[in-house]
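Reader: I have a chain open and would like to go through it with you. Can we take it piece by piece?

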Amino acid sequence: SASINMYVDGVNQYSQAANTSWWTREIKYQYFALPKLSNNYFDGNIDEISIWSTVLSGANVATLYNSGTPTDLSTALASTPVGWWRNGDGSTYPTINDEIGSSNATMNNMVSGDIVTDVP
């Protein structure tokens with residue numbers, strides 16, 4: 001089973017030893033709530049999302065967080081993420097580019113002005 005950790009601004013917010021229904025409920029629906037599935041909607045900007053297939057240490061996360069200044073995830077550590085979405089930098093509406101892999105995202109219920117290129 002996989003270990004799941006979610007860091008927000010360099011701080012571990014959620015940890016789970018296995019990919020279970022907890023992951024679906026807490027991360028997808030409570031923290032980043034999908035419409036019609038929860039009353040707890042995320043209110044804010046999301047920038048620099050990455051998914052890794054290797055376990056990162058707290059020191060690795062601190063390196064990536066870089067005091068809030070985006071860093072190049074393709075060279076920051078010995079391993080690279082399987083997906084990295086900068087959420088604005090280099091993307092063109094309605095596509096959010098995956099900077100590492102081939103899993104581009106599509107903006108839904110948004111307009112082109114919702115892409116912001118500065119760090120939130």
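Reader: Start with valine 55: buried or exposed?
Author: Valine 55 is exposed, with a relative accessible area of 66%. This is a predicted model, so the value is computed from predicted coordinates.

Reader: Where is valine 55 placed?
Author: Valine 55 is in the loop between β3 and α2, the latter spanning 58-65. In space, its C-alpha is 8.7 Å from that of asparagine 5, with the two positions 50 residues apart in sequence.

Reader: Back up a bit. How many helices and strands are there in the protein?
Author: The protein has 2 helices and 6 strands. Read from the N terminus, the order is β-β-α-β-α-β-β-β.

Reader: And what share of the residues is buried?
Author: Of the 120 residues, 22% are buried. The accessible surface is about 7,800 Å², and carbon and sulfur atoms account for 48% of that surface.

Reader: What about contacts, how many join residues at least 24 apart?
Author: The figure is 31%, taken among contacts between residues at least 6 apart in sequence.

Reader: Which residues make up the largest nonpolar core?
Author: There are 7 of them: Trp52, Leu56, Val61, Leu64, Leu73, Leu77 and Trp84. In soluble globular proteins, nonpolar side chains tend to be buried together.

Reader: Take leucine 64. What does it touch?
Author: Leaving out residues up to four places away in sequence, leucine 64 touches Trp52, Leu56, Thr71, Leu73, Ala76 and Leu77.

Reader: Now charges. How many salt bridges does the count come to?
Author: The count is 1 salt bridge. Arginine 86 pairs with glutamate 48, and the closest N and O atoms are 2.9 Å apart. That pair links distant parts of the chain, 38 residues apart. Arginine 86 sits in the loop between β4 (83-85) and β5 (95-96), and glutamate 48 in the loop between α1 (21-31) and β3 (49-51).

Reader: Why does glutamate 48 count as partly exposed?
Author: Because its relative accessible area is 22%, and the partly exposed class runs from 20% to 50%.

Reader: Where does aspartate 98 stand, and what is the nearest side chain of opposite charge?
Author: Aspartate 98 is in the loop between β5 and β6. The residue is buried yet has no salt bridge, and the nearest side chain of opposite charge is arginine 86, 10 Å away. A salt bridge needs the nitrogen and oxygen within 4 Å, so that distance does not qualify.

Reader: Which backbone nitrogens does the side chain of aspartate 98 reach, then?
Author: One is the backbone nitrogen of isoleucine 100, which lies 3.1 Å from a polar atom of the aspartate 98 side chain. Another is the backbone nitrogen of glycine 101, at 3.0 Å.

Reader: What else is aspartate 98 in contact with?
Author: Setting aside neighbours within four places in sequence, aspartate 98 is in contact with Val82, Gly83, Trp84, Trp85, Ser103 and Asn104. Trp84 also belongs to the largest nonpolar core.

Reader: Over to serine 91. Buried or exposed?
Author: Serine 91 counts as buried, at 13% relative accessibility. Its place is in the loop between β4 and β5.

Reader: What does the side chain of serine 91 reach?
Author: The serine 91 side chain reaches the backbone nitrogen of asparagine 97 at 3.0 Å. Not counting residues up to four places away in sequence, serine 91 touches Ile96, Asn97 and Ile115.

Reader: Backbone geometry next. Which peptide bond is cis?
Author: The bond from tyrosine 93 to proline 94 is cis, with omega near 5°. Proline 94 is in the loop between β4 and β5, where serine 91 is also placed.

Reader: What is phi for serine 67 and asparagine 109?
Author: Phi of serine 67 is near 55°, a positive value in a residue other than glycine. Phi of asparagine 109 is likewise near 55°. Most residues other than glycine have a negative phi, and most peptide bonds are trans.

Reader: Where are serine 67 and asparagine 109 found?
Author: Serine 67 is in the loop between α2 and β4 and is exposed, with a relative accessible area of 68%. Asparagine 109 is in the segment after β6 (105-106) and counts as exposed at 79% relative accessibility.

Reader: Last one: where is asparagine 45?
Author: Asparagine 45 is in the loop between α1 and β3, and it counts as exposed at 58% relative accessibility. Its C-alpha and that of aspartate 114 are separated by 9.8 Å, the two residues being 69 apart along the chain.

Key: Residues are numbered from 1 along each chain as its sequence is written. This is a predicted model: local features need pLDDT of at least 70, side-chain atom pairs count only at pLDDT 80 or more; totals for chains, interfaces and linings use all residues. Side-chain values use heavy atoms; hydrogens and water are left out. Helices (H or I, at least four residues) and strands (E, at least two) are DSSP runs, numbered from the N terminus. Buried means under 20% relative accessible area, exposed over 50%, partly exposed in between (1.4 Å probe, protein chains only). A polar contact is a pair of N or O atoms within 3.5 Å; within protein, one must be able to donate a hydrogen and the other to accept it, and residues adjacent in sequence count only if both atoms are side-chain atoms. Contact means heavy atoms within 4.5 Å. A nonpolar core is a set of buried Ala, Val, Leu, Ile, Met, Phe, Trp, Tyr and Cys residues joined through side-chain atoms within 4.5 Å. Lys and Arg count as positive and Asp and Glu as negative; His and the chain ends are not counted. Accessible areas come from the Shrake-Rupley method with a 1.4 Å probe; for residues, only the protein chains shown count as cover.
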